Amino acid sequence: MMGSQENKLGLRKINKIIFRLMRMHTAAFIFTGICAILSIICAVIAPILLGDAINIVIEGSARIIDHSGTIDFPKLYYTLFIIGTLYFIGNVFSYLYEYYTSKVTTDILYTLRERIITKILSLPMSSIDEKEKGSVISLFSNEMDFLREAFVSSFSKLTSSLITVIFTLVVMLTINISMTGVIILVVLLTLVVILILQRFSKRYFNKQIAVQTTATEQIEEIFSGQEVIRSLNYEEQALEEFIGNVGEWNNQEWKFKFISATNYPIMDLSSNLGYVLVAIIGGILVIQGAMSVGRILTFIEYLKNFNTPLKDVTKLLPQLQAGMVAADRIFTFLEMEEEENPSGKELKSFNDEIKFENVSFGYTEDKKIIDNFNLTVKKGEKISIIGETGSGKTTLIKLLMRLYDIDSGEITIDGVNINEYDKHSLRSFMGMVLQESWLFSDTIEENIRYGNLDASDDEIITASKQANTDDFIRKFPDGYKTLLNEAGDSLSQGQRQLLTIARAIISQKEILVLDEATSNVDTRTELLIQQSLDKLMENKTSFIIAHRLSTIRNADKIIVLGRGGVIEQGNHEELLAKKGYYYNTLNSQNENS
Ligand SMILES: Nc1ncnc2c1ncn2[C@@H]1O[C@H](COP(=O)(O)OP(=O)(O)OP(=O)(O)O)[C@@H](O)[C@H]1O
Ligand SMILES: [Mg+2]
């Protein structure tokens, strides 16, 4: 589970993360950096000139006092003019910098979202099964928010602060080495203390993000499981569990923020200590005549420039840390191995037979679902797969479509292993109506069209008539333009399944897969669908998975699956003669109906 994922963030990893983020929009990043440097250079030079201006006034005043002259006004005005210009240019660059930072941030978040969704669509089914939905949704909401926070309010300030600190430090060193040395010593000591505290706060943040992910999962479950929760009167327990988790979230977040909040006062204390030390050392230097008062004032101005970004950064450390952890989780997800699809070989035609040879498969290593399965299907044959629930019927179909890869054995089409084909071209030969009818949040018309994007409106209506959906669709005020929500809630289970049948009809595929296609409709509709399916299956190779045996009477081959593999196989008459599972089930179903 991602929630409990260890987040070890060494300096190397942080560098890698920042580098990967920057690489997404290199040019904009460089431009942002240039703007930052230029605006900072202006901010650094101005105080030097300010010190000069003060010295001009002090020297001039001294001359006035001993009547030897006056203040050099032209020089003073000139210096002040340069200072003003520098501040103005600095502001323009800092505006550009802010503008490009927000642009880079939104661009990066956009790119990441796009990559995440692409990733979801290209992961192998087996990795999707392992992922919890909530943890992926959390990437889009929680992690993205942390990253944005880190970017907008922290990352940008961090870069500019770092540049300011370095520039200022260089200038401070040129003014006085020993005073600067003392300041560096104080800051280093403070950083050690803060880094130790940071270790604690990170521990709480990791716990926070783990419960936050769980809570996201829960809210997703509670929302989509409303009907079940209400009908089971499970509201209170659901609420209790959720509140418990949110409480824990609150608890961890509070601890994280509390420890992080101590950073600022510590840094503040350290910077005040710096001023005191500079005042003492500076006083001694002035008395010794080694330094002018103007220079001391300039130094203090720089010290302020040096301390402010440091204090800013310590205030931002928690956000930065959160952003790094979030980015790490996003990149870990993006680094997951994708579904293999190495060969570009196209499946162009299907002429002869599909063969399962000694096929074995399990979703997990320790539990085999399909064991040594053999089956030959000639082109045009109708194969029925029946058997108790959980025996692996749907699994067989998933293997044929290469949604999962088999552990041993071989599945071939016209003698060629299906692993040699491009997955998309393989799947493009198969039309399916699956157990869970899946509809998109789009119009009814478009939902049918997904079967064949080139289908005309007339073709859609024809297919819809064949699938017996035309009548009920026309009863909606918007007809074929009726918008479905993502779960297709406005339709009954049976109507949803009929729509997916219409989708399969329009897809005109050579191989058809019908998984419990008629399980959700009444007997009269079932008969109608049966007729249209029979028509659809003419000259097609089809796999029909069914519980109701009346629907598969005229299949060419019926496979009965049990927990241990194939129990019986043969056509209707052969199986009746065997008086086994098929015979018994058929009899009991006839009695019941
Ligand atoms: N994604 C999955 N991950 C792990 N195990 C799975 C997965 N899907 C199915 N299984 C397991 O594989 C076995 C066979 O499942 P399958 O869906 O093929 O059964 P089925 O014969 O189609 O059953 P039903 O008649 O209920 O549709 C079951 O025991 C099920 O628990
Ligand atoms: Mg099934």
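# Note on the predicted model: cores, ligand shell and selected residues

1. Start with glutamine 212. Leaving out residues up to four places away in sequence, its contacts are Asn142, Phe146 and Trp249. Glutamine 212 sits in helix α6, which spans residues 177–224. Is glutamine 212 buried or exposed? The relative accessible area of glutamine 212 is 6%. The cut-off for buried is under 20%, so glutamine 212 is buried. Keep in mind throughout that this is a predicted model.

2. Next, the largest nonpolar core. This core has 37 residues. Those with the most contacts inside it are Ile448, Leu499, Ile501, Ile552, Ile558 and Tyr582. Several elements give two or more residues to this core, and both helices and strands are listed. The helices are α13 (444–449), α14 (457–466), α15 (470–475), α16 (493–507), α17 (523–537) and α19 (581–592). The strands are β7 (511–515) and β9 (557–562). Which element gives the largest share? That is α16, with seven residues.

3. Isoleucine 448 is worth a look in the viewer. It is one of the residues with the most contacts inside the largest core. Setting aside neighbours within four places in sequence, isoleucine 448 is in contact with Ile460, Ser464, Ile473, Tyr480, Leu499, Ala502, Arg503 and Ile506. A second core, separate from this one, has 34 residues. Among its members are Val359, Ile383, Met401 and Phe429.

4. Now ligand 1. There are 14 residues around ligand 1. Which of them come nearest? They are Thr389, Lys393, Thr394, Thr395 and Gln435. By class, the shell holds three nonpolar, eight polar and three charged residues. Helix α11 (residues 393–400) gives the most to this shell, with three residues.

5. Polar contacts to ligand 1 involve both backbone and side chains. A polar backbone atom of glycine 390 is 2.9 Å from an oxygen atom of ligand 1. For lysine 393, an N or O atom in the side chain is 2.6 Å from a ligand 1 oxygen. For threonine 395, the corresponding distance from a side-chain N or O atom to an oxygen of ligand 1 is 2.4 Å. Ligand 1 taken alone exposes 640 Å², and the protein buries 71% of that.

6. Leucine 512 is in strand β7. Its relative accessibility is 0%, so leucine 512 counts as buried. Outside the four places on either side in sequence, leucine 512 touches Gly431, Leu536, Met537, Lys540, Thr541, Ser542 and Phe543. Leucine 512 and asparagine 417 are 95 residues apart in sequence. Their C-alpha atoms are 19 Å apart in space.

7. Serine 384 belongs to strand β3 (residues 382–387). With a relative accessible area of 0%, serine 384 is buried. Not counting residues up to four places away in sequence, serine 384 touches Ile544, Ile552, Ala555, Lys557, Ile558 and Ile559. A polar atom of the serine 384 side chain lies 3.5 Å from the backbone oxygen of isoleucine 544. Glycine 570 is 186 residues from serine 384 along the chain, and the two C-alpha atoms are separated by 9.9 Å.

8. Serine 425 is in helix α12 (residues 423–427). Its relative accessibility is 5%, so serine 425 counts as buried. What does the side chain of serine 425 reach? The partner is the backbone nitrogen of leucine 347, at 2.8 Å. Apart from neighbours within four places in sequence, serine 425 is in contact with Lys345, Glu346 and Leu347.

9. Two residues deserve a backbone check. Arginine 402 has a phi near 60°, a positive value in a residue other than glycine. Glutamine 508 also is not a glycine, and its phi is positive at about 50°. Arginine 402 is in the loop between α11 and β4 (408–413). Glutamine 508 is in the loop between α16 and β7. Which is buried and which is exposed? Arginine 402 counts as buried, at 5% relative accessibility. Glutamine 508 has a relative accessible area of 57%. The cut-off for exposed is over 50%, so glutamine 508 is exposed.

Conventions: Residues are numbered from 1 along each chain as its sequence is written. Chains are lettered from A and ligands numbered from 1 in the order in which they are written. This is a predicted model: local features need pLDDT of at least 70, side-chain atom pairs count only at pLDDT 80 or more; totals for chains, interfaces and linings use all residues. Side-chain values use heavy atoms; hydrogens and water are left out. Helices (H or I, at least four residues) and strands (E, at least two) are DSSP runs, numbered from the N terminus. Buried means under 20% relative accessible area, exposed over 50%, partly exposed in between (1.4 Å probe, protein chains only). Contact means heavy atoms within 4.5 Å. A nonpolar core is a set of buried Ala, Val, Leu, Ile, Met, Phe, Trp, Tyr and Cys residues joined through side-chain atoms within 4.5 Å. A residue is near a molecule or strand if one of its heavy atoms lies within 4 Å of it. A polar contact is a pair of N or O atoms within 3.5 Å; within protein, one must be able to donate a hydrogen and the other to accept it, and residues adjacent in sequence count only if both atoms are side-chain atoms. Accessible areas come from the Shrake-Rupley method with a 1.4 Å probe; for residues, only the protein chains shown count as cover. Ala, Val, Leu, Ile, Met, Phe, Trp, Tyr, Cys and Pro count as nonpolar, Asp, Glu, Lys and Arg as charged, and the others, Gly among them, as polar.
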